[in-house]
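Student: Got a minute to walk through this model with me? I'd like to start with how the helices pack.

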Amino acid sequence: MEMIRNLVADHKSGKRVGVTSVCSAHPLVIEATFRHALRNAAPFVLIEATSNQVNQDGGYTGMVPVAFRAFVEAIATRLDFPLDRLVLGGDHLGPNAWTSLPADAAMAKAEVMIADYVRAGFAKIHLDCSMSCADDPAPLPERTIAERAARLCRVAEDAYSGHPAEAPVYVIGTEVPVPGGAAEDLDTLAVTTPEAALATLDMHRALFRERGLQDAWERVIATVVQPGVEFDHMKVVDYRPDAATALSAAIVPVDHVVFEAHSTDYQTPAALSALVRDHFAILKVGPGVTFALREALWALDAIERETVAPARRANLRDVAIARMKAEPGHWRKYYHETGDALDLQLQYSLSDRIRYYWPDAEIAAAQGRLFDNLRGEVPPLPLLSQYLPIAYAAVRDGTATLDPIDLIVAHIGATLDAYHGACNPNV
């Protein structure tokens with residue numbers, strides 16, 4: 001995939017550039033991403049699906065890889081975003097969705113998934129075999145992780161049949177907490193040591209070459225390490241450049257490889273800029289953008305309470321909380337409070353597990369009714385200023401209308417602005 005390889009090459013040559021990887025399957029987040037890219041003339045957009053979201057069994061979105069591609073491309077086409085500027089990636093692709101199975105069975109499932117992703121045109125593949133399966137020791141030995149990654153890389157290479165210039169690029173490593181944020185309280189994090197980061201690269205390089213994957217190794221663009229950023233339910237661990245100085249320096253002499261930073265959600269604009277400067281040139285964001293989506297929806301719910309008669313209200317917020325309590329499968333392992341404290345976590349935890357519930361039929365119906373109500377009772381500017389000041393500013397300067405979708409997109413855009421500024425500091 002030349003667009004990403006060229007960006008990495010530019011970074012390695014000394015240019016302070018990076019790319020934002022938006023990891024979300026929500027249509028409004030994806031729409032906001034494309035509209036933001038068009039407004040800022042971004043050279044390309046990178047959207048990624050995780051192995052739990054999208055796989056051959058449907059994942060929690062109900063989509064297989066080819067369906068996810070069609071879903072994203074349909075949004076791009078509706079917005080007149082050029083499809084040749086869209087890059088799709090697969091995140092944490094390995095046995096993660098099937099760790100309850102023995103390793104052989106889980107890896108067989110992962111092989112099918114990897115092949116499906118590649119055949120569906122996903123061009124950025126994160127080979128992640130760090131998780132222990134049912135009959136594995138915990139944690140897995142580093143060599144086992146690398147051997148399994150090389151095995152999946154071979155499957156990906158065999159599945160690809162397009163032009164060599166557009167062959168998949170790969171990301172290795174996974175020294176981060178579970179996808180979606182930590183489940184426990186955090187204060188500080190141990191930064192990956194330079195020795196560990198380089199050892200991971202050396203082991204993968206050797207195993208790739210043993211398996212005849214030299215060409216694929218030249219397309220390894222990044223390794224995932226822990227730069228010291230994370231979030232739990234109510235706190236953010238901010239990036240401290242001084243703690244990552246040695247790690248940052250270690251990647252400089254490594255050809256064609258940068259760092260990929262996961263869990264950068266909620267970092268400040270200054271921290272995001274420092275990450276890119278320090279060679280974390282791929283910044284992943286997921287819950288951060290869906291958290292912004294939820295903020296906007298709750299604000300619209302508040303506006304509805306002020307402008308729409310009680311009998312006609314959608315009461316989206318109440319419906320969503322009730323549905324989360326009725327179907328606790330997506331949050332029960334993560335939220336442990338009761339009563340009002342649980343309500344606080346359900347709505348406002350930075351891990352944003354409410355994002356799993358937006359497709360719920362009752363919640364989706366309430367959202368649609370909310371939008372209809374606010375199209376019939378157009379929000380007055382003072383209320384918009386009160387509840388959605390970012391969208392209010394966009395309306396006043398003519399970049400957004402008073403339509404609910406425009407207001408949501410404008411609010412999400414503020415989060416994307418921070419990433420764009422970090423990745424394109426000279427624009």
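**Helix packing, then the barrel**

Tutor: Sure. This is a predicted model. Take helix H11 (residues 316–326) and helix H12 (residues 339–348): their axes come within 11 Å and cross at roughly 105°.

Student: Are H11 and H12 roughly parallel or roughly perpendicular to each other?

Tutor: Roughly perpendicular. Angles of 65 to 115 degrees count as that, so the crossing of H11 and H12 qualifies.

Student: Which residues make the contact?

Tutor: From H11, Arg317, Ile321, Met324 and Lys325. From H12, Asp343, Leu346, Gln347 and Tyr348.

Student: How do they divide into nonpolar, polar and charged?

Tutor: The contact of H11 with H12 has 4 nonpolar residues, 1 polar and 3 charged.

Student: Switching to strands. What do they close into?

Tutor: A barrel of 8 strands, in the order S1-S2-S3-S4-S5-S6-S9-S10. The pairing is parallel. From one strand to the next, the twist averages 25°.

Student: How many bridges do S1 and S2 have?

Tutor: Strand S1 (residues 19–23) pairs with strand S2 (residues 45–50) over 3 bridges, in the parallel sense. One partner pair is Cys23 with Glu48 of S2.

Student: Zooming out, how many helices and strands are in the chain?

Tutor: 16 helices and 10 strands.

Student: And what is the radius of gyration?

Tutor: 21 Å. A compact globule of 427 residues would have a value near 22 Å, so the chain agrees with that. Its C-alpha atoms fill a box of roughly 70 × 50 × 45 Å along the principal axes.

Student: What share counts as buried?

Tutor: 56% of the 427 residues.

Key: Residues are numbered from 1 along each chain as its sequence is written. This is a predicted model: local features need pLDDT of at least 70, side-chain atom pairs count only at pLDDT 80 or more; totals for chains, interfaces and linings use all residues. Side-chain values use heavy atoms; hydrogens and water are left out. Axes are lines fitted to C-alpha atoms, for helices over the stretch in contact, and angles run from 0 to 180 degrees between N-to-C directions. Helices (H or I, at least four residues) and strands (E, at least two) are DSSP runs, numbered from the N terminus. Angles under 35 degrees count as roughly parallel, over 145 as roughly antiparallel, 65 to 115 as roughly perpendicular and the rest as oblique. Contact means heavy atoms within 4.5 Å. Ala, Val, Leu, Ile, Met, Phe, Trp, Tyr, Cys and Pro count as nonpolar, Asp, Glu, Lys and Arg as charged, and the others, Gly among them, as polar. Two strands pair if DSSP finds at least two bridges between them. The radius of gyration is taken over C-alpha atoms; the globule rule is 2.2 Å times the number of residues to the power 0.38. Buried means under 20% relative accessible area, exposed over 50%, partly exposed in between (1.4 Å probe, protein chains only).
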